[in-house]
Amino acid sequence: MPNLEEIFRTAIPWLLVASGAIAFIAWLVSIRYFVQRKRASLFILRRRDRHRFQSAVSVAMIASVFVLVTFITWWILPNESTPAAPVAVMTPAIETTPPPLVTPGAEPRAWSLTETPTPEPTHDPNATTPFIPTFTPTLTPSVTPTPSATPTETPTPEPTVPIMEAIYTPVVPYATASIESEIGAITISGGVELNGEPIVPGTEFLSGTDILFASFDYQQMPNGVLWRHIWLRDGYLVGGETRLWEWGSRGRTYVHMQPRGGFTPGDYVVQILVDEVMVQFTQFTITGP
């Protein structure tokens with residue numbers, strides 16, 4: 001009856017062939033989606049092909065790693081033609097004559113083996129835990145309170161620390177903007193077309209509006225550039241995002257904000273930063289009770 005090692009050795013070639021085929025097909029599919037994404041003219045199509053490309057690359061990488069691990073496992077397994085290790089033979093207790101010397105041409109004699117104890121692992125007392133850097137945002141107050149002779153009720157600003165941690169998530173750019181890079185004027189609207197054109201643009205919106213869009217033209221923007229969009233209300237940070245540019249060199253795109261419970265009254269500012277430099281901004285107002 002074959003043991004587990006023999007079954008595994010028999011199945012390894014089939015596993016290598018199957019996983020290799022999966023990896024090859026996944027790489028071909030990822031290349032196809034990558035080419036489609038570059039040729040797509042609409043933003044929604046590029047986003048769809050980007051998600052498909054990332055999924056195909058993930059499958060291809062997992063299959064490739066599986067092929068590599070399976071091949072290494074098959075390589076280090078002992079071959080069936082490898083001679084077995086010598087078996088220890090215990091010397092009978094009644095034998096008192098010392099074993100004769102080995103002479104040329106004589107058959108080798110099996111000797112008893114002495115087991116060497118395995119040393120226990122030791123811990124280096126001087127070892128230190130590796131340093132893991134963490135990102136701590138620095139808060140800078142943007143509004144200085146002015147004392148008033150008549151006490152008035154001042155709304156308490158919402159906490160901005162969780163929002164800043166979400167917006168200023170560290171990302172690693174792989175390109176930088178050039179002197180020709182340009183972000184056009186920002187338009188605030190209640191909706192956008194697929195090509196980024198605004199629907200119902202304006203500078204004043206009612207309180208409780210669920211979502212607003214900020215659309216703009218751009219040119220000479222290389223993919224991989226670090227950029228941010230930041231939303232402020234009465235000088236306080238209320239939303240935004242940090243991303244890498246992915247929409248190509250020229251065109252029109254948009255970002256949006258959808259606060260929980262809708263927009264509250266106040267004066268808002270939307271800023272666009274490229275390589276940590278503000279390159280464009282606009283203002284709008286939310287009116288209402």
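Which residues does Val 200 touch, not counting residues up to four places away in sequence? In this predicted model, the contacts of Val 200 beyond that window are with Ser 189, Gly 190 and Phe 205. Val 200 belongs to strand E3, which spans residues 198-201, and with a relative accessible area of 61% it lies above the 50% limit and is therefore classed as exposed. The C-alpha atom of Val 200 is separated by 8.7 Å from that of Ile 188, a residue 12 places away along the chain. Two of the names just met, Ile 188 and Phe 205, return below in the description of the interior.

The overall architecture can be set out briefly. The protein contains 3 helices and 10 strands, and, read from the N terminus, the elements follow the order α-α-α-β-β-β-β-β-β-β-β-β-β. Of its 289 residues, 26% count as buried, while the surface that the protein exposes amounts to about 21000 Å², with carbon and sulfur atoms supplying 63% of that area. Among contacts with a separation of 6 or more, 69% join residues that are 24 or more positions apart.

Within the helical part, Tyr 33 offers a convenient place to begin. This residue lies in helix H1, which covers residues 4-39, and its relative accessible area of 17% falls under the 20% limit, so Tyr 33 counts as buried. Not counting residues up to four places away in sequence, Tyr 33 touches Asp 49, Arg 52 and Phe 53. For one of these partners, Arg 52, which is 19 residues away along the chain, the separation of the C-alpha atoms is 6.6 Å.

From here the description turns to the empty space inside the model. A search of the whole structure yields 1 cavity of 30 Å³ or more, and the largest cavity has a volume of about 50 Å³. Its lining is made up of Arg 37, Phe 43, Arg 46, Arg 47, Arg 50, Glu 246 and Trp 247. Helix H2, residues 43-76, makes the greatest contribution to this lining, with 4 residues. One of the lining residues, Trp 247, also takes part in an aromatic pair discussed below.

The strands supply much of the material for the next step. The largest nonpolar core comprises 26 residues, and those with the most contacts inside it are Ile 183, Ile 188, Trp 227, Trp 231, Trp 245, Phe 263 and Phe 284. Two or more residues of this core come from each of strand E5 (212-219), strand E6 (226-233), strand E8 (251-257), strand E9 (266-274) and strand E10 (277-287). A second core, separate from this one, has 6 residues, including Ile 167, Ile 230, Leu 237 and Leu 273.

What does Phe 284 touch, not counting residues up to four places away in sequence? Its partners are Ile 188, Thr 203, Phe 205, Leu 212, Trp 231, Phe 263, Gly 266, Asp 267, Tyr 268 and Val 270. Phe 284 is also a member of one aromatic cluster, together with Phe 205, Trp 231, Phe 263 and Tyr 268.

Aromatic pairs give a further view of how the chain is held in contact with itself. The count comes to 13 aromatic pairs. In one of them, the rings of Trp 227 and Trp 247 have centres 5.7 Å apart and planes at 70°, and because that angle is over 60 degrees the pair is edge-to-face. Since Trp 227 is in strand E6 and Trp 247 in the loop between strand E7 (236-244) and E8, this pair ties together parts 20 residues apart in sequence. Trp 227 and Trp 247 are both buried. A further edge-to-face pair is formed by Phe 263 and Phe 284, whose ring centres are 6.4 Å apart and whose planes stand at 75°. This pair links distant parts of the chain, with Phe 263 in the loop between E8 and E9 and Phe 284 in strand E10, 21 residues apart. Both Phe 263 and Phe 284 are buried.

The loop between E9 and E10 deserves a separate look at its backbone. Asp 275 is placed in this loop, and its phi is near 55°, a positive value in a residue other than glycine. Glu 276 is found in the loop between E9 and E10 as well, with phi near 65°, again a positive value in a residue other than glycine. Asp 275 counts as partly exposed at 27% relative accessibility, and Glu 276 is likewise partly exposed, with a relative accessible area of 45%.

Technical notes:
Residues are numbered from 1 along each chain as its sequence is written. This is a predicted model: local features need pLDDT of at least 70, side-chain atom pairs count only at pLDDT 80 or more; totals for chains, interfaces and linings use all residues. Side-chain values use heavy atoms; hydrogens and water are left out. A nonpolar core is a set of buried Ala, Val, Leu, Ile, Met, Phe, Trp, Tyr and Cys residues joined through side-chain atoms within 4.5 Å. Buried means under 20% relative accessible area, exposed over 50%, partly exposed in between (1.4 Å probe, protein chains only). Contact means heavy atoms within 4.5 Å. Accessible areas come from the Shrake-Rupley method with a 1.4 Å probe; for residues, only the protein chains shown count as cover. Rings of Phe, Tyr and Trp (its six-membered ring) pair if their centres lie within 6.5 Å; planes under 30 degrees apart count as stacked, over 60 as edge-to-face and the rest as tilted. On a 1 Å grid over the protein atoms alone, a cavity is a set of points where a 1.4 Å probe fits but cannot get out, and a pocket is an open set with protein on both sides within 12 Å along at least five of seven lines; lining residues have an atom within 4 Å of a point. Grid points are joined across faces, edges and corners, and a volume is the space filled by probe spheres set on the points.
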